[in-house]
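Visitor: Please show me the model, and I will ask what stands behind the labels used for it.

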Amino acid sequence: SYSVRSGYGYGGMGFGGAPSPGGIQEVTINQSLLTPLNLEIDPNIQRVRKEEKEQIKTLNNRFASFIDKVRFLEQQNKMLETKWNLLQDQKAARSNIAPMFETYINNLRRQLDGLLNDKGRLEGELKNMEDLVEDFKTKYEDEINKRTAAENEFVVLKKDVDAAYMNKVELEAKVDALTDEINFLRSLYEAELHELQAQISDTSVVLSMDNSRNLDLDSIIAEVKAQYEEIANRSRAEAESWYQNKYEALQVTAGKHGDDLRNTKNEISEINRMIQRLQGEIENAKAQ
């Protein structure tokens with residue numbers, strides 16, 4: 001029996017030649033690539049990363065199986081070389097078995113070359129896969145940063161919307177108060193107008209006469225009537241003047257309140273448009 005220790009690399013030899021020692025470097029696996037990250041990410045990204053991890057495991061397993069096969073072939077080659085050396089030392093007559101061994105060794109060499117080529121190819125694929133994993137990791141970190149920025153922007157927009165809504169509520173309350181004040185002034189103006197009209201229409205003259213004297217009643221009545229007509233005309237003119245001034249003042253006040261009301265309505269419309277725009281931006285931010 002022949003015991004051959006594993007770990008020797010394959011070395012070319014001829015008949016009667018000694019095997020040249022070599023070595024295959026130990027295959028190391030980066031365990032950090034097989035450890036899943038404890039992060040809350042999208043299920044699709046987790047599935048893709050899991051598939052990539054399984055692919056890397058499969059490639060590593062295939063690579064390890066190729067290395068085991070290479071070591072097994074090296075052991076077989078070493079065993080055959082040892083047998084060949086023993087046969088050479090015995091100086092036995094050459095037989096037709098030697099070409100068979102040579103053919104078998106050549107086949108083993110071709111297999112070893114193929115395995116070495118597969119090893120180089122798999123190492124390249126492993127390097128590409130590691131680069132792909134790093135690329136996905138960078139993209140994931142960028143997406144996390146974008147999400148954080150979007151959340152911060154959403155908070156700022158929400159604060160702006162809340163402030164705009166509070167401003168809208170205050171302006172609506174102010175509009176209601178101005179409307180109530182205008183209605184009150186209009187009612188007050190109409191009541192005062194009715195009172196003035198009633199005072200003017202109810203103006204009457206009361207005369208008391210002493211019939212015991214022989215007086216010219218017609219002239220006295222005419223004089224008194226003229227005086228009261230003058231007083232009535234003067235009172236009517238004063239009332240009309242006061243009414244006109246009061247009416248103009250009320251018109252100015254109503255116009256001012258109307259302008260304030262229009263300005264307030266314009267501000268409310270502008271705030272509504274701003275709220276709609278901010279709500280649209282919030283929806284876009286939520287969609288992002």
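Guide: This is a predicted model. A place to begin is tyrosine 165, which has 47% relative accessibility and counts as partly exposed.

Visitor: Why is tyrosine 165 called partly exposed?

Guide: Partly exposed covers values between the limits of under 20% for buried and over 50% for exposed. Tyrosine 165 has 47%, so the label is partly exposed. The residue is found in helix 3.

Visitor: Which residues form the nonpolar patch on the surface with Tyr165?

Guide: Tyr165, Met166 and Val169 form that patch, and together they have about 290 Å² of accessible area.

Visitor: What makes aspartate 135 and lysine 139 a salt bridge?

Guide: The distance from N to O is 3.9 Å. The limit is within 4 Å, so the pair qualifies. Aspartate 135 and lysine 139 both lie in helix 3, 4 residues apart, which is about one turn of the helix.

Visitor: Are aspartate 135 and lysine 139 buried or exposed, or in between?

Guide: Aspartate 135 has a relative accessible area of 36% and is partly exposed. Lysine 139, with 45%, is partly exposed.

Visitor: How do you know that aspartate 162 and lysine 158 meet in a salt bridge?

Guide: Their side chains are 3.5 Å apart, N to O. With a limit of within 4 Å, the pair therefore counts as a salt bridge. Both residues lie in helix 3, with a spacing of 4 residues, about one turn of the helix. Aspartate 162 is partly exposed at 39% relative accessibility, and lysine 158 is partly exposed at 42%.

Visitor: What makes arginine 262 and aspartate 259 a salt bridge?

Guide: The N to O distance is 2.0 Å. That value is within 4 Å, so the label applies. Here the helix is helix 4 (residues 217-287), where arginine 262 and aspartate 259 are 3 residues apart, about one turn. Arginine 262 is partly exposed at 47%, and aspartate 259 is partly exposed at 35%.

Visitor: How many salt bridges does a search of the whole structure find?

Guide: The search finds 10. Separately, Asp118, Arg121 and Glu125 are linked in a network of salt bridges.

Visitor: Why can glutamate 134 pass the accessibility limit for a patch?

Guide: A patch residue needs over 30% relative accessible area, and glutamate 134 has 43%, so that limit is passed. Glu134 gathers with Glu141, Asp142 and Glu143 in a patch of negative charge on the surface. Glutamate 134 lies in helix 3.

Visitor: Why is phenylalanine 136 not called buried?

Guide: Buried means under 20%, and phenylalanine 136 has a relative accessible area of 30%, so the residue is partly exposed. Phenylalanine 136 lies in helix 3. From isoleucine 45, phenylalanine 136 is 91 residues apart in sequence and 9.1 Å apart in space, C-alpha to C-alpha.

Visitor: Which residues make up the largest nonpolar core?

Guide: The core has 12 residues in all, including Leu59, Phe63, Phe66, Ile67, Ile105, Leu108 and Leu122. Helix 2 (43-90) and helix 3 each supply at least two of its residues. Helix 2 gives the most, with 7 residues.

Visitor: What makes Phe63 and Leu108 core residues?

Guide: A core joins buried nonpolar residues through side-chain atoms within 4.5 Å, and Phe63 and Leu108 belong to this set, so both are buried, under 20% relative accessible area.

Note on methods: Residues are numbered from 1 along each chain as its sequence is written. This is a predicted model: local features need pLDDT of at least 70, side-chain atom pairs count only at pLDDT 80 or more; totals for chains, interfaces and linings use all residues. Side-chain values use heavy atoms; hydrogens and water are left out. Patches are made of residues with over 30% relative accessible area and no salt bridge: like charges are joined within 9 Å, nonpolar side chains (Val, Leu, Ile, Met, Phe, Trp, Tyr) within 5 Å. Accessible areas come from the Shrake-Rupley method with a 1.4 Å probe; for residues, only the protein chains shown count as cover. Lys and Arg count as positive and Asp and Glu as negative; His and the chain ends are not counted. The place of a charge is taken as NZ of Lys, CZ of Arg, CG of Asp or CD of Glu. Buried means under 20% relative accessible area, exposed over 50%, partly exposed in between (1.4 Å probe, protein chains only).
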